Amino acid sequence: MTTPESALVIGGGFSGTSAALELAKRGVRVDLVEISAEWGSYGAGISIGGPTLRALRTLGVLDRYLAEGAAFDGTDVLTAEGRPLAALPTPRVAGDDVPGNGAIMRPTLQRILSEAAVAAGVRAHLGSTATDLIDDGDGVTAVLTDGSRDRYDVVVAADGLYSRTRRTLFPDIPGPRYSGQGVWRAVLPLDPAIDHTTLWVGDDLKVGLNPVSDREMYLFVNENIPVHRRVPDDELLPRLGALLERFTDPRVRSARDHLSGTSLISFRPLEGLLVSTPWHAGRVVLIGDAVHATTPHLASGAGIGIEDAIVLAEELSSGGEVEDALAAFERRRWDRCAMVVRNSGRLGEIEITGGDRHEHADLMDASFTALLQPI
Ligand SMILES: Cc1cc2nc3c(=O)[nH]c(=O)nc-3n(C[C@H](O)[C@H](O)[C@H](O)COP(=O)(O)OP(=O)(O)OC[C@H]3O[C@@H](n4cnc5c(N)ncnc54)[C@H](O)[C@@H]3O)c2cc1C
């Protein structure tokens, strides 16, 4: 067996779209099924650290990212009143000419990846999924919801935290676990005083502001909430405003004053999942949140999913048997992905229990240092 000639990708989020793009760039015929009728993402910002910028460079979309998103150096950590606690360096791992940190609106990043995938030849089937995957050892026959059937050398399932493919392949694996925290997010006009990631740490809340373009920034607030629950839409604005009352730094005050019904305010309980390897059965492999969904404490969940796509395409192009390539992919990814999920979980625990701030700072530092390593 040489490089697979055909692949089906299930799920068109950041991981699946990146996998489709990277495989198509290597000459593989790729079909992608995305269950939503729109190939998009919801309106929130997402932090993109240096290692993720490096991955976007490998995918060939960094220029588009830099044109439409935000890139900057450094992260400042402050008290609720604005007293400096730490200035975290963000080394330029994507190249000397590329800042070491960034953020972008999710729909913008999704559009950049999707357009690159289509330009590389990926055929997207929107509003569609695979109902059956029949693996006969030499290939996988997939039946799609539109009634069509096709045969593929490999199937890449990137269908997210509640992956149906994972439940089908590995029915005994427990589902996601609630972390005890939720995150509030909002999008605001850019405050010129916010030109890089700025975090404010209160007693039981953490607030962050990040530019996402030359016009907008996003706000997030991590809150400890013992019970997993949703917040009704009409409570979003008053409750987020009330949480921010405790932060007296003028930049947070200003952000709070700008919040309105058009600020795309959302609240989401945070869940985590780490599936032990193997992540494949036969010729079907799981990537991204389907096997390693992290809470956002290291802002790297999307990054490691995009990296999965690159490493998977590299291994599948190595000329060996597909199943050997999938096992090699898992060996290359396990330590890094497990580190992100576990360390993010521990950071959340320290925040919930009011634990040791030094342990928190050291763990952040060690995790970001580890992520600088090449994939
Ligand atoms: C609150 C929050 C903040 C975060 N902040 C950051 C951050 O700042 N930086 C960062 O790097 N990461 C962050 N993350 C993590 C990041 O959002 C995820 O790791 C990433 O989006 C996962 O991408 P994915 O493609 O693996 O999965 P998903 O984004 O879940 O995509 C799965 C796709 O598959 C589709 N799908 C589902 N089922 C099927 C099916 N049966 N058939 C076909 N398609 C299907 C879905 O519609 C979806 O499009 C954050 C996560 C949360 C919850």
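**Figure 1. The shell of residues around the ligand in the predicted model.** The ligand is surrounded by 31 residues. Gly11, Gly13, Gly160, Gly288 and Gly301 are the closest of these. By residue class, the shell holds 15 polar, 11 nonpolar and five charged residues.

**Figure 2. Secondary-structure elements that contribute to the ligand shell.** At least two shell residues come from each of helix H1 (14–25), strand E2 (29–34), strand E3 (45–47) and helix H8 (301–316). Helix H8 provides the largest share of the shell, four residues.

**Figure 3. The packing of helix H9 against helix H10.** The axes of H9 (residues 322–353) and H10 come within 10 Å of each other and cross at roughly 165 degrees. Because this angle is over 145 degrees, H9 is roughly antiparallel to H10. The crossing of the two helices is left-handed. On the H9 side, the contact is made by Met339, Asn343, Arg346, Leu347 and Ile350. H10 contributes Glu359, His360, Leu363, Met364, Ser367 and Ala370. Six residues of this contact are nonpolar, three are polar and two are charged.

**Figure 4. The surroundings of Met364 in helix H10.** Met364 lies in H10, which spans residues 357–371, and is one of the residues through which H10 contacts H9. Met364 has 19 C-beta neighbours inside 10 Å and therefore counts as partly exposed; a buried residue would require 20 or more. Between Met364 and Ala24, the C-alpha to C-alpha distance is 35 Å, and the two residues are 340 residues apart in sequence.

Conventions: Residues numbered from 1 in each chain as written. Predicted model: local features only at pLDDT ≥ 70, side-chain atom pairs only at ≥ 80, totals over all residues. Buried ≥ 20, exposed ≤ 12 C-beta atoms within 10 Å, placed from the backbone. Near = placed C-beta within 6 Å. Nonpolar A, V, L, I, M, F, W, Y, C, P; charged D, E, K, R; others polar. Axes fitted to C-alpha atoms, helices over the stretch in contact; angles between N-to-C directions. Parallel < 35°, antiparallel > 145°, perpendicular 65-115°, else oblique. Left-handed = near helix turned anticlockwise from the far one by under 90°. Contact = placed C-beta atoms within 7 Å.
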